Amino acid sequence: MENKKKRKFDIKTYAVLHFILLMYSFVGVFMKLAFTHEFLSLYFLLFAGLAVLFLGIYALIWQQVLKKLPLTVAFTNKAICIAWGMLWGALILGDAVTWYKIVGSVIVFAGVVLVVSNNE
C-alpha cells in the first residue's frame, strides 16, 4: 500500500517559488530604509508600506506554491534569502560582505542540501 501520492511539481513552480523568495528578500531592505528616515515621515511610510505590500503578496503566493510543493521542499528553499539579503545589503545599503557572513551562508546552504537530498 502506497503511503501518500507524491505531488507533481515542475520548473514553473520552482520559478514562482524563487520569485516570491526574491520579493521576500527585499522586505528587510525596505524596513532598513524606512528606519533611516524620520518615524512616520513620507519616506518611512513609503518603505514600510512597500515591505507590508511585498509580505502580503508573498504570503498569498506562498500558499499557492504549497499546494504544489511539499512544505519541507518549499521551506528549505527559503535559505536562498540569505544570499539575496547579502547581495541587496551590499548593493543597496552599502553593507560589508565579510568572511563570517560567507562561511555562515555556506553552512546554512550545506544544511539545506542535506535536508533536501535526504527528503528525496
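This passage walks through the nonpolar cores, one buried serine and a surface patch. The model is a predicted one, so everything below is read off computed coordinates.

Starting with the inside, the largest nonpolar core is built from 13 residues. Phe-26, Phe-30, Ala-34, Phe-47 and Phe-54 have the most contacts within that core. Two elements, α1 and α2, each put in two or more residues, and α1 is the top contributor with seven. Phe-54 gives a feel for the packing here: once residues up to four places away in sequence are set aside, Phe-54 touches Met-23, Phe-26, Val-27 and Phe-30. Set apart from this core is another one, of 11 residues, with Leu-17, Trp-62, Val-65 and Ala-74 among them.

Helix α1 also carries Ser-25. With a relative accessibility of just 8%, Ser-25 falls under the 20% cut-off and therefore counts as buried. Skipping neighbours within four places in sequence, the contacts of Ser-25 are Cys-81, Trp-84, Gly-85 and Trp-88.

Now for the outside. In soluble globular proteins, nonpolar side chains tend to end up buried together. Against that background, there is a nonpolar patch on the surface made of Phe-35, Phe-39, Leu-40 and Leu-45. Taken together, these four residues have about 470 Å² of accessible area. One of them, Phe-35, sits in the loop that runs between α1 (11-34) and α2 (42-66). Phe-35 has a relative accessible area of 56%, which is over the 50% cut-off, so this residue is classed as exposed.

How values were computed
Residues are numbered from 1 along each chain as its sequence is written. This is a predicted model: local features need pLDDT of at least 70, side-chain atom pairs count only at pLDDT 80 or more; totals for chains, interfaces and linings use all residues. Side-chain values use heavy atoms; hydrogens and water are left out. Patches are made of residues with over 30% relative accessible area and no salt bridge: like charges are joined within 9 Å, nonpolar side chains (Val, Leu, Ile, Met, Phe, Trp, Tyr) within 5 Å. Accessible areas come from the Shrake-Rupley method with a 1.4 Å probe; for residues, only the protein chains shown count as cover. A salt bridge is a side-chain nitrogen of Lys or Arg within 4 Å of a carboxyl oxygen of Asp or Glu. Helices (H or I, at least four residues) and strands (E, at least two) are DSSP runs, numbered from the N terminus. Buried means under 20% relative accessible area, exposed over 50%, partly exposed in between (1.4 Å probe, protein chains only). Contact means heavy atoms within 4.5 Å. A nonpolar core is a set of buried Ala, Val, Leu, Ile, Met, Phe, Trp, Tyr and Cys residues joined through side-chain atoms within 4.5 Å.
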